[in-house]
Amino acid sequence: HAAACRAPDGRPMLLTRVEDALGITSRLLALVPGEARADEPASLVPAWGWPSEEELRRFPRAPGVTPFQPVVAGDLVLLCWPSTRTPNGDGQRHLRAADDELRDLVVLSLAGEGRLVDERGVDERSRPDGDVELERLSFCGPPLLRGDAVYVTLAGRSPNGGASELHVARFDLARSGPEMRLRLRWRRHVVDGSPIPPSQFSVSEWEYEPELAFPTGLAERLGLLYVGSNTGAVACLDTTDGAVVWLETYRRLGPSPRHAVAEARPTGWKYGPVHVEGGRVVVAPRDTERLLVFTARPMRSRAMRSAEIAVRGMGGAAEGGSPFGDLLVDELVGVRDGRALVSGSLPRTLAGAMHVPASPIVALDLAPGGSTHLAEIPELCSSGAPALLADALLFPTFKALYGVRLGAFQETPVELWRAESASRSRRIPDRLGNIVVDGPHVWSVTPSRVVLFAPR
C-alpha cells in the first residue's frame with residue numbers, strides 16, 4: 001500500500017516503497033506530477049527519497065515482508081521501516097526465525113523533503129523516555145493517529161518457546177525545541193501466540209520454527225483501542241494507560257494434517273485493519289475463516305460478541321453454512337451503514353471452462369438475520385486493493401477501474417477507466433493495482449507502475 005497527500009507546493013503526492021532489482025534494499029519514494037506535454041499525460045517524477053543512496057550503501061535496509069502503510073499527519077509522515085539495528089551490542093537482535101524482520105517507527109518531514117525527524121527502536125537507552133524492550137521488538141502495521149496520540153503494534157519472539165509476543169504502545173507527538181518527537185506514553189504486552197504452521201513436505205519430516213505472527217491494524221472508539229493478534233485472540237485496551245479491558249478468543253484454522261509436495265499455507269483473509277462503525281467492531285483475522293463482530297461499548301466490561309459469521313462452506317446462515325455461498329472471500333474492504341463490504345472471486349469451475357467468472361463484491365448486513373447484496377464486476381478478479389469512499393467503492397481489475405455506488409449496490413457497476421491496448425514498443429503494459437484516494441485524485445500502485453488519475 002501507499003499514502004496519498006499534498007506536497008508543500010500543493011501538487012498531489014504519493015508516498016510508496018520501491019525496491020532495487022534484486023530485492024535487497026528498499027526506499028520510500030515521494031512521487032509528484034511533472035510537466036505535462038500537449039499530446040501525452042504528465043510523467044510522475046521523484047520529489048525526494050529516503051533513505052539517501054549514501055545511507056543505503058552504509059546501512060542496507062531489506063524490504064521485509066510485513067504490510068507497508070505510511071500515515072500522514074500534517075507535515076509528518078509516520079511509518080514502520082526496516083531497522084539498522086545490528087545483532088551485536090546495544091539493541092541486539094533477538095528475533096531468531098529466518099522470516100523475522102526488525103522494524104523501527106520512523107517520522108519524516110514532508111517540508112524537509114524526507115528529513116528524518118525521529119526514530120524509535122534505536123538508541124532507547126539515551127532517551128529520557130527510553131524503553132529498552134523496544135530494541136528487541138519489531139514495529140509492524142500502520143500506526144493509528146488520533147490527535148497527537150500515535151498507537152502502534154509490535155511483535156517479538158518470546159524467550160520461552162519461541163511464540164510471538166503481541167505488544168501495543170502509545171506515543172504522543174510532543175515538541176522538543178524546533179522539532180516534534182515521539183514521547184512514549186505506555187507499552188503493553190497483550191498476548192502470546194503462534195501463527196498456523198504450513199503443511200509438511202511429503203518427502204521429509206522437518207522441524208518447523210514458526211515465523212512471527214504480525215497483528216492486524218488498530219481501531220479506536222470512545223477511549224477504547226481494538227487489535228487482533230492473528231493468533232486466536234482479539235483484545236480491547238484502555239487508551240489512557242494501556243490496561244487490557246477484555247481479551248476474547250476465537251476458533252482458528254487448524255494446521256493441515258496432509259503432507260504436501262511443496263510447502264502450502266492456509267488461505268484466509270488478506271491483511272486488513274479492524275473496523276469500527278457505529279456500535280460495532282468488525283475483525284477479519286488471517287487465521288480464521290470467520291468474520292467476527294463485537295459490540296463497541298464505552299463501559300468497562302467483558303467483550304460482547306454479537307456475531308461469528310462463517311465465510312467458507314455451502315448452505316445458508318440458518319443451516320450453519322456461510323451466507324457468502326460459493327464466494328471465495330479475499331478482503332474485508334470496509335464497513336459502512338451496518339454492512340460489511342467483502343471482495344472475492346468465484347471458482348472458475350462454477351462458470352464453465354469457456355466462461356470467465358465475474359468478480360463479486362458482497363455487502364453483508366451485520367444485523368442478526370441480515371441479508372447479502374451482490375454487485376458483479378464483469379471481469380475476472382481484482383488486481384489490487386479496492387478503495388472505499390463516502391458513497392462509492394472503487395474496484396480495480398487488470399485493465400479497468402469500476403465504481404460501485406453504495407446507495408444503489410445492485411445496479412450495474414460503472415466503468416470509470418479502461419486501459420488502451422499496449423503497443424509493442426511499450427515495455428510495461430497498462431495495469432491497475434492497489435487504489436489510493438486523496439480527495440479528487442485517484443492513484444493506482446503496483447510494484448512496477450504508478451498511475452495518477454485526474455477527475456474528468
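**View 1. Thr239 and its neighbours in the predicted model.** Leaving aside residues up to four places away in sequence, Thr239 is in touch with Tyr151, Arg170, Trp186, Glu220, Gly223, Leu224 and Leu225. We're looking at a predicted model here, as in every view below. Thr239 sits in the loop that runs between strand E16 (233-238) and strand E17 (244-249). Loop or not, Thr239 has a relative accessible area of just 8%, so it counts as buried.

**View 2. Gly141 in strand E9.** This glycine belongs to strand E9. Is Gly141 buried or exposed? With a relative accessible area of 9%, Gly141 is buried, since the cut-off for that label is under 20%. Not counting residues up to four places away in sequence, the contacts of Gly141 are Pro67, Cys80 and Tyr271. Have a look at Gly217 as well: 76 residues separate Gly141 and Gly217 along the chain, yet their C-alpha atoms are 6.0 Å apart.

**View 3. The largest nonpolar core, with Phe171 picked out.** Which residues touch the most other members of this core? Out of 19 residues, those are Phe139, Val152, Phe171 and Leu182. At least two core residues come from each of these strands: E6 (76-82), E7 (103-109), E9 (138-146), E10 (149-157), E11 (164-176) and E12 (179-193). Elsewhere there's a second, separate core of 18 residues, with Ala284, Ile309, Val311 and Phe324 among them. Back to Phe171: beyond residues up to four places away in sequence, Phe171 touches Leu105, Arg120, Leu134, Phe139, Asp148, Ala149, Val150, Val152, Leu182, Arg183, Leu184 and Arg185.

**View 4. Aromatic pairs, with Trp417 and Phe453 up front.** The model has seven aromatic pairs. In one of them, Trp417 and Phe453 meet edge-to-face, with 5.0 Å from centre to centre and 65° between the planes. This pair ties together distant parts of the chain: Trp417 is in strand E30 (residues 414-418), Phe453 is in strand E33 (residues 450-453), and they are 36 residues apart. How buried or exposed is each partner? Trp417 has a relative accessible area of 24% and is therefore partly exposed, while Phe453, at 14%, is buried. Ring pairs also join Trp50, Phe68 and Trp81 into a cluster.

**View 5. The open sheet E1-E2-E3-E4.** Four strands line up in that order, with antiparallel pairing. Why does one side of E1 and of E4 lack a neighbour in the sheet? Strand E1 (3-6) and strand E4 (44-50) are at the edges and have a single partner strand each, so one side of each stays without a neighbour there. On average, neighbouring strands of this sheet are turned by 35° against each other, ignoring direction. Zoom in on E1 and strand E2 (residues 12-19): these two run antiparallel and are joined by four bridges. Arg6 is found opposite Pro12 of E2.

**View 6. Another open sheet, E27-E28-E29-E30.** Four strands make up this sheet too, in the order given, and they pair antiparallel. Its edges are strand E27 (387-388) and E30, each of which pairs on one side only. E30 is the strand that holds Trp417 from View 4. Over at the E27 edge, two bridges connect E27 with strand E28 (residues 392-396), again in the antiparallel sense. Which residue in E28 is the bridge partner of Ala387? That's Leu394.

Notes: Residues numbered from 1 in each chain as written. Predicted model: local features only at pLDDT ≥ 70, side-chain atom pairs only at ≥ 80, totals over all residues. Heavy atoms only, no water. Pairing = 2+ DSSP bridges. Axes fitted to C-alpha atoms, helices over the stretch in contact; angles between N-to-C directions. Phe/Tyr/Trp six-rings, centres within 6.5 Å; stacked < 30°, edge-to-face > 60°. Buried < 20%, exposed > 50% of the residue type's maximum accessible area, 1.4 Å probe, protein only. Contact = heavy atoms within 4.5 Å. Core = buried A, V, L, I, M, F, W, Y, C linked by side-chain atoms within 4.5 Å.
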